[in-house]
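Visitor: Please take me through the sheet and two of the helices here, with the reasoning behind each answer.

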Amino acid sequence: MKQTRIAVIGAGITGLAAAYQLSKNDVEVDIFEADNQAGGIAGVTYINNMPIEKYYHHFFKSDKHIIQLIKELRISDKVRWLPSSMGFFVDNRLYKFGTPLSLLSFRPLSIWSKLKFGLGVLKIMSIKDWKSLENISAYEWLTQNVGEKVYQKVWKPLLTSKFGDRYKEISMSWFWGKIKLRGTSKENGQEVLGYIDGSTKTLLDALEKQLTDRRVKIRLNCKVNKINKTDEGFLLKTSWGDFAYDKVICTTPVPIFTEIAKDILPVEYIREKEQIDYTSVACTIIILNQQFSQYYWMNIGDESIPFGGIIEHTNMLDEEEYGGCNILYISNYLFNTSKYYTMDQQELLEEYIKHLKKINPNFDESWIAASVTFKDAYAQPIIPLSYSSIKPDYSTPVEGLYTVSMCSIYPEDRGVNYAVREGIAAANKVIETKDF
Ligand SMILES: Cc1cc2nc3c(=O)[nH]c(=O)nc-3n(C[C@H](O)[C@H](O)[C@H](O)COP(=O)(O)OP(=O)(O)OC[C@H]3O[C@@H](n4cnc5c(N)ncnc54)[C@H](O)[C@@H]3O)c2cc1C
């Protein structure tokens, strides 16, 4: 019997995990990737010849799927669990945040509001059935349960930093997933975060090696422009020419999937999936010759500042690993119509400098050695009320055509752990059809 051949579109973590699972089960699989490297959003750049994530990445103690994959790839010895620290810039001051002790000295909230905040977090953590939260927005739930003051000072900035002015649409089930996860990565009461020595590149290299050892072809710079149906299966029209496969798993963002498969997907399916929207991201890495702050992670609760977070990578990792550079990520989730998304790198940096001075008044432009900005149009799915009713299944109305992506992750927030879980689950769904 002829071997069934499967094409995986996209070599982000989801696509690599799907191909890994298929190849482990002796299924013949090839990967098509538009970019010049594997990894997608978890891909890397270099600072002083050291690979580093284009977008800051860490994982949590509870991230069992990625931890299991790391174990299978025999790179567990490369994982470091590092203490994290969090700051919050609000009311013109950078406060320590994220621990019970820091809450006590967090002046923007009164004692009464602090109590409400703490009780609100406990209430969220105690909820087991996220489905009961599907039809209420985070905005409504939070204002009802923690009050307007706590909501405005703490939770609204976190929602707007991810979803801009669409923050009121976000379902409480998404918010629940986000808070629950954050509270589960602790050692002796201290939050610790997982980081792989040599960055996600170590993981990507190990995955790619396993795949190529099992004869999986990873075609980089090979964009899929169209998925066509044939009598035997599918024809991928790519920048490298046409390729025939029996089945296809598409791991691109949903709008790209419905676009490249629009000739074969039913109109109603496309219309339904068009309701799924994303925020984009512009993430600037700034290399400094001095430390900017004492925190790894800083949330920004000031509407006059155009970005929502600063991640000072070298407050978690040692700057000596990067030739003595201090590394800051300026994280800005926004819509691709925003002026900050269309600005060039230099303009964006100049704009950011004045805001960085608000956060650290000693900061000076002369500290900046270099900077680079990365952008991605599909960085964060917007999770509305009743998302379950539009969340794409792995199977599509076209037999043999599957889709899995960040949008498959729910109610948890998207992340590499769930990308691994979903990639493997979608591959298992294909394997279950047993027509091999
Ligand atoms: C700023 C930022 C910070 C993050 N930080 C963390 C973190 O700390 N921890 C964590 O766990 N997660 C983090 N994440 C989330 C995590 O990176 C993602 O959940 C995960 O990488 C998504 O993987 P994916 O494969 O589903 O999607 P993607 O990485 O988007 O992969 C999709 C791939 O498809 C390719 N593609 C698209 N169109 C085509 C086409 N037509 N033909 C061929 N290929 C195509 C793309 O080039 C891409 O490689 C972060 C995300 C962002 C934006």
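Visitor: In what order do the seven strands of the open sheet lie?
Guide: This is a predicted model. Its seven-stranded sheet is open, with mixed pairing. Strand 7 (93-97) and strand 19 (368-381) each pair on one side only, which puts them at the edges. The order is 7-6-16-17-18-15-19.

Visitor: What is the average twist from one strand to the next?
Guide: The twist is taken between successive strands of the sheet and then averaged. The value is 20°.

Visitor: Which residue of strand 16 stands opposite Gly87?
Guide: Strand 6 (residues 86-90) and strand 16 (residues 297-300) run parallel and are joined by four bridges. Opposite Gly87, in strand 16, is Met298.

Visitor: What angle does the direction of helix 5 make with that of strand 16?
Guide: Helix 5 (residues 138-163) packs on the sheet, and strand 16 is among the strands it touches, along with strand 6, strand 15 (278-288), strand 17 (309-312), strand 18 (326-334) and strand 19. The angle between the directions of helix 5 and strand 16 is about 95°.

Visitor: And what angle does helix 11 make with strand 19?
Guide: Helix 11 (residues 345-359) also packs on the sheet, touching strand 6, strand 7, strand 15, strand 18 and strand 19. Its direction makes an angle with that of strand 19 of about 100°.

Visitor: How many residues of helix 12 are buried?
Guide: Helix 12 (residues 416-432) has 17 residues. A residue counts as buried if 20 or more other C-beta atoms lie within 10 Å of its own. Those that pass include Val416, Tyr418, Arg421, Glu422 and Val430, and the buried residues pack against strand 1 (5-9), helix 1 (13-24), helix 2 (64-72), strand 14 (247-250) and strand 20 (401-403). Helix 12 is mostly covered, and its buried count is 12.

Visitor: What span should the 14 residues of helix 7 have?
Guide: Helix 7 (residues 200-213) is judged at 1.5 Å a residue. Its end C-alpha atoms lie at a distance that agrees with the expected span, and both values are 20 Å.

Visitor: Within what arc do the buried residues of helix 7 fall?
Guide: The buried residues are Thr200, Lys201, Leu203, Leu204, Leu207, Glu208 and Leu211, while Lys209 and Asp213 on the other side are exposed. Seen down the axis of helix 7, the buried residues line one face, because they fall within an arc of 155°.

Visitor: Which residue with a positive phi follows helix 7?
Guide: The phi in question is near 65°. The residue that follows helix 7 with this value is Arg215.

Definitions and conventions. Residues are numbered from 1 along each chain as its sequence is written. This is a predicted model: local features need pLDDT of at least 70, side-chain atom pairs count only at pLDDT 80 or more; totals for chains, interfaces and linings use all residues. Two strands pair if DSSP finds at least two bridges between them. Helices (H or I, at least four residues) and strands (E, at least two) are DSSP runs, numbered from the N terminus. Axes are lines fitted to C-alpha atoms, for helices over the stretch in contact, and angles run from 0 to 180 degrees between N-to-C directions. Two residues are in contact if their C-beta atoms, placed from the backbone, lie within 7 Å. The expected span of a helix is 1.5 Å times one less than its number of residues. The arc is that of the directions from the helix axis to the C-beta atoms.
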